[in-house]
Amino acid sequence: GNGLNVLYMNARSTRNKVDELETQLEIGKYDVVGITETWLHEGQGWERNIQGYTYRKDNQVGRGGGVAQLVRNEIQSLARGNIETGDVESVWIELRNCKD
C-alpha cells in the first residue's frame with residue numbers, strides 16, 4: 001500500500017521482547033516503530049541490531065519509562081534533538097524520503 005506503515009508498542013521492558021518485536025517487524029513490514037516504556041537506563045542499551053532498521057532511543061531517568069524509535073534503513077531519518085526537552089521523554093526524528 002501507499003504511505004507509511006507505522007507500529008506503536010508499549011513494551012513494558014524491551015529486554016525480553018526482542019524476538020517478539022523482530023517477528024512483528026517481519027510480519028507487518030513496518031517503516032517506523034515507536035516504542036514506549038523501554039525500561040532501559042544509560043549503558044543498558046538494547047543494542048541488539050534489528051536488521052534493516054536504524055535505532056534511536058532516549059534513556060529513562062527513573063523507574064519505568066524510556067522511549068525508542070526504529071526506522072527502516074531505506075528511509076532517511078534525521079535525529080531532531082533540537083526539538084527534545086528535558087521535561088518529557090521523547091525521540092524526535094525527521095523523515096526525508098518517505099513513501100508517497
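Which residue is the bridge partner of methionine 9 in β2? In this predicted model, the partner is isoleucine 35. The bridge belongs to a parallel pairing of β1 and β2 that extends over five bridges. Between these two strands the chain passes through α1, and the resulting β-α-β crossover is right-handed. The two faces of β1 are unlike in their cover: Leu7 and Met9 lie on the covered face, whereas Val6, Tyr8 and Asn10 lie on the uncovered one.

The protein as a whole contains one helix and six strands, arranged along the sequence as β-α-β-β-β-β-β. It has 100 residues, of which 37% count as buried. The accessible surface amounts to about 6400 Å², and carbon and sulfur atoms account for 45% of that area. Of the contacts between residues at least 6 apart in sequence, 53% link residues at least 24 apart.

The helix α1 has a buried side and an exposed one. Val18, Leu21, Leu25 and Gly28 are its buried residues. They fall on the same side of α1 because the arc they cover around the axis is only 110°. Asp19, Glu26 and Ile27, on the other side of the helix, are exposed. Lysine 29 follows α1 and has a positive phi, near 50°.

Two separate nonpolar cores were identified. The largest comprises 13 residues, and Leu21, Leu25, Val33, Ile35 and Leu70 have the most contacts inside it. Two or more residues of this core come from each of β1 (6-10), α1 (18-28), β2 (32-36) and β4 (67-72). The greatest contribution is that of α1, which supplies three residues. The second core has five residues, among them Val71, Ile75, Val91 and Ile93. In soluble globular proteins, nonpolar side chains tend to be buried together.

Leucine 70 illustrates the contacts made within and around the largest core. Apart from residues up to four places away in sequence, leucine 70 touches Leu21, Leu25, Asp31, Val32, Val33, Ile35, Ile50, Tyr53, Thr54 and Tyr55. Among these partners, Leu21 and Leu25 are buried residues of α1, and Leu21, Leu25, Val33 and Ile35 are listed with leucine 70 itself as having the most contacts inside the core.

The strand that carries leucine 70, β4, is covered on both faces. Six of its six residues are buried: Val67, Gln69 and Val71 on one side, and Ala68, Leu70 and Arg72 on the other. In a regular strand the side chains alternate between the two faces of the sheet. β4 runs antiparallel to β2, to which it is joined by five bridges. Within this pairing, valine 32 stands opposite valine 71 of β4. Valine 71 is also a member of the second core, while Leu70, on the other face of β4, belongs to the largest core.

A further position examined was alanine 79, which is located in strand β5 (residues 77-79). Is alanine 79 buried, exposed or partly exposed? Its relative accessibility is 43%, so alanine 79 counts as partly exposed. Beyond its neighbours within four places in sequence, alanine 79 is in contact with Arg56, Trp92 and Ile93. Of these, tryptophan 92 is 13 residues away along the chain, with a separation of 6.2 Å between the two C-alpha atoms. Ile93, another contact of alanine 79, is included in the second core.

Methods:
Residues are numbered from 1 along each chain as its sequence is written. This is a predicted model: local features need pLDDT of at least 70, side-chain atom pairs count only at pLDDT 80 or more; totals for chains, interfaces and linings use all residues. Side-chain values use heavy atoms; hydrogens and water are left out. A nonpolar core is a set of buried Ala, Val, Leu, Ile, Met, Phe, Trp, Tyr and Cys residues joined through side-chain atoms within 4.5 Å. Buried means under 20% relative accessible area, exposed over 50%, partly exposed in between (1.4 Å probe, protein chains only). Helices (H or I, at least four residues) and strands (E, at least two) are DSSP runs, numbered from the N terminus. Contact means heavy atoms within 4.5 Å. Accessible areas come from the Shrake-Rupley method with a 1.4 Å probe; for residues, only the protein chains shown count as cover. Two strands pair if DSSP finds at least two bridges between them. A crossover is right-handed if, with the strands pointing away from the viewer, the path from the first strand over the helix to the second runs clockwise. The arc is that of the directions from the helix axis to the C-beta atoms.
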